[in-house]
Amino acid sequence: MFEWSILSSNPHHQLLSGFNRRRNRNTGRILLSYVSLMEIAGDRNNISHPKRKRDEVATNGTDNIDLALLEAVEKSQKAVEILDLRTVKRLSLAFERRLRDNTEARLKYPDQPERFADSEVELHEEIQKLKVLAAGPELYPDIVKLGVISSVVDLLSHSNTDIAIDAVQLIQDLTDEDVLEDNDEPARVLVDALIENNVLDLLVQNLHRLSETDPDEMAAVYNTLATIENLIEVKPLVAELVCERTKLLKWLLGKIKVRDFDSNKQYASEILAILLQNSTVNQRRLGQMNGVDVVLQAVAMYKSKDPKSPDEAEMVENLFDSLCCLLMPLENKERFVKAEGVELMIIIMKQKKSAYGSAIRALDFAMTNYPPACERFVDVLGLKTAFAAFMGKIPLNKKNKKERYQEELEERIVSLIASLFGGILRGTRKERLLSKFVENECEKIDRLMELYLRYSDRVKVEMERLNQIELDDLEMDEEEKYNRKLESGLYTLQLIAVILGHLWCSEHSQMRARIELLLKQQKLTRQDVKSILQEYHDNIGDLDGPEEKERTQGKIQKFISAL
């Protein structure tokens with residue numbers, strides 16, 4: 001259960017800096033109005049070798065303003081240039097010329113920075129001018145044919161970090177999702193060209209040399225991560241390619257280990273979650289890199305404290321999302337147990353901070369189809385904490401006052417208890433689990449039936465709605481109808497029925513009598529529970545393999561026969 005709204009427009013993305021865009025409806029071409037010669041003139045002072053510093057270009061009041069330059073800016077606002085193929089060629093040629101001049105100057109005077117400083121400033125200006133290309137994504141195939149992309153990517157390894165930062169910003173602008181919207185084919189052409197020119201390797205290599213103590217380089221780190229996200233959005237395969245070809249995962253792990261919070265740590269956690277969410281290969285790769293332990297260390301910082309801001313809270317959720325993704329392969333569940341992840345999640349629940357619900361979610365993933373995690377959970381006295389949540393005794397804060405949050409928590413804890421029954425089959429651990437449903441006059445069974453009735457009503461309402469849709473002659477196949485029912489709460493209802501099946505098959509007379517009584521009070525019978533179990537049985541998939549499907553179906557059939 002992963003919800004990523006990871007890929008919306010980001011306020012940090014800087015699109016077409018220095019230009020206003022407007023579309024000519026008659027010609028369909030982009031008109032660009034230059035509005036900031038001041039920025040370019042300022043950049044002449046900013047770029048140097050070695051690194052520029054922000055305080056070196058600070059001004060003191062208005063005495064330093066060049067009035068002639070202001071006049072030029074005002075006049076330039078009236079100048080209009082049409083972005084078409086001819087303009088693209090002119091910009092490309094000017095850029096390649098400045099790049100060649102800079103390369104030659106550096107080769108000729110390698111130990112005399114002052115001899116190639118001017119060519120570096122001019123190269124910087126040409127890179128800034130190339131940002132206008134983002135206004136015409138339909139021209140991207142032509143830009144690729146001109147060979148500009150190869151030259152821009154090569155700049156990521158430029159000796160002057162400032163030039164490399166310029167290249168990062170340009171690539172980010174060109175790949176921004178707002179720019180590429182409704183331009184799928186040009187976007188694919190651009191991204192393919194970037195990848196063919198080793199953009200992934202060079203982006204990550206440049207990432208490793210950036211120092212976040214410098215504000216400009218810190219911004220470049222963010223822009224690099226944004227670029228990688230943009231590339232994945234266009235071509236999802238990039239998520240595995242970048243992990244296979246580069247050391248990005250290593251860098252991300254190093255970033256989330258840092259104790260201090262900043263925007264780049266937040267973004268690193270988001271990128272990590274994106275890389276893991278749909279890739280078993282990446283999940284296993286990170287597990288082999290000690291990733292489970294590192295992510296546990298990162299979330300452990302919040303076991304007894306709450307995040308200080310909404311952004312920090314989002315980072316914590318990203319970390320838990322990453323942890324849950326990591327817990328999908330069996331070998332990572334084993335690493336989680338060995339790293340005492342079960343104990344950590346129980347501690348987080350006991351502390352009743354904002355990560356409470358996320359800890360339950362992680363435990364649910366860890367214990368699903370993995371008995372050792374279930375056994376550890378019982379051994380370290382997790383039942384008391386879990387059943388307190390099951391009974392609705394959850395900590396109150398701004399987040400979990402929301403009704404939907406409480407419902408999600410309910411669904412998770414039901415799934416966790418179902419996993420416990422599936423993973424603990426016999427012995428004293430099973431007795432301790434069953435005893436929870438007897439104590440306090442079977443209050444846990446009362447709660448279970450309360451949830452059964454609520455979710456059953458929700459599914460009935462959805463079925464009535466679906467039947468009405470069919471009456472309105474709107475087509476809907478059986479698979480779609482079943483999925484709609486699952487979304488309305490059927491899956492949780494099925495898990496509740498499974499737990500009832502486990503309780504009934506324990507042959508405990510007091511529990512059976514309580515279940516019978518509660519069903520009778522609601523004018524229900526065991527046949528109603530059997531019907532839910534039968535539908536579950538008939539729709540079990542083989543995602544985990546045919547043997548697991550057969551085993552699960554056999555267990556459900558046992559409950560159906562016993563009830």
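# Exercises on a predicted helical model

Helix α16 is mostly covered: 7 of its 10 residues are buried. The model is a predicted one. The exercises begin with this helix and then move along the chain.

**Exercise 1. Find which residues of α16 are buried and what they pack against.**

Step 1. List the buried residues. They are G291, V292, V294, V295, L296, A298 and V299.

Step 2. Look at what surrounds them. The buried residues of α16 pack against α13 (248-257), α14 (263-277) and α15. They also pack against α17, α18 (330-338) and α19 (341-351).

**Exercise 2. Describe how α16 packs with α17.**

Step 1. Recall what is needed. Two packed helices are described by the angle between their axes and the distance between the axes.

Step 2. Read off both values. Helix α16 spans residues 291-300 and helix α17 spans residues 310-326. Their angle is about 150 degrees, and their axes lie 10 Å apart.

Step 3. Classify the angle. Angles over 145 degrees count as roughly antiparallel, so α16 is roughly antiparallel to α17.

Step 4. Add the handedness. The crossing of α16 and α17 is left-handed.

Step 5. Name the residues that touch. From α16 come G291, V292, V295, L296, A298 and V299. From α17 come L319, F320, L323 and L326.

Step 6. Sort them by class. This contact of α16 with α17 has 9 nonpolar residues, 1 polar and no charged.

**Exercise 3. Do the same for α20 and α21.**

Step 1. Take the angle and the distance. Helix α20 (residues 356-367) and helix α21 (residues 371-379) pack at about 130 degrees. Their axes are 7 Å apart.

Step 2. Classify the angle. Roughly perpendicular ends at 115 degrees and roughly antiparallel needs over 145. The helices α20 and α21 are therefore oblique to each other.

Step 3. Name the contact residues. α20 gives L363, A366 and M367, while α21 gives A373, C374 and F377.

Step 4. Sort them by class. The contact of α20 with α21 holds 6 nonpolar residues, no polar and no charged.

**Exercise 4. Place N290 and K523, and say how exposed each one is.**

Step 1. Start from the backbone rule. Most residues other than glycine have a negative phi.

Step 2. Check N290. Its phi is positive, about 65 degrees, although N290 is not a glycine. N290 sits in the loop between α15 (280-288) and α16. With a relative accessible area of 44%, N290 is partly exposed.

Step 3. Check K523. Its phi is positive too, about 55 degrees, and K523 is not a glycine. K523 sits in the loop between α27 (509-521) and α28 (526-538). With a relative accessible area of 79%, K523 is exposed.

**Exercise 5. Is L563 buried or exposed, and which residues does L563 touch?**

Step 1. Locate the residue. L563 lies in the segment after α29 (546-562).

Step 2. Apply the cut-off. Buried means under 20% relative accessible area. L563 has 11%, so L563 is buried.

Step 3. List the contacts. Leaving out residues up to four places away in sequence, L563 touches W504, R526, V529, K530 and L533.

Step 4. Compare sequence and space for one partner. L563 and K530 are 33 residues apart in sequence, but 6.9 Å apart in space, C-alpha to C-alpha.

**Exercise 6. Sum up the whole protein chain.**

Step 1. Count the elements. The chain has 29 helices and 3 strands.

Step 2. Give the buried share. Of the 563 residues, 50% are buried.

Step 3. Turn to the contacts with a separation of 6 or more. Residues 24 or more positions apart account for 76% of them.

Step 4. Finish with the surface. The chain exposes about 27700 Å², and carbon and sulfur atoms supply 47% of that area.

Note on methods. Residues numbered from 1 in each chain as written. Predicted model: local features only at pLDDT ≥ 70, side-chain atom pairs only at ≥ 80, totals over all residues. Heavy atoms only, no water. Helix = DSSP H or I, 4+ residues; strand = E, 2+ residues; numbered from the N terminus. Buried < 20%, exposed > 50% of the residue type's maximum accessible area, 1.4 Å probe, protein only. Contact = heavy atoms within 4.5 Å. Areas by Shrake-Rupley, 256 points an atom, 1.4 Å probe, with all protein chains shown as cover. Axes fitted to C-alpha atoms, helices over the stretch in contact; angles between N-to-C directions. Parallel < 35°, antiparallel > 145°, perpendicular 65-115°, else oblique. Left-handed = near helix turned anticlockwise from the far one by under 90°. Nonpolar A, V, L, I, M, F, W, Y, C, P; charged D, E, K, R; others polar.
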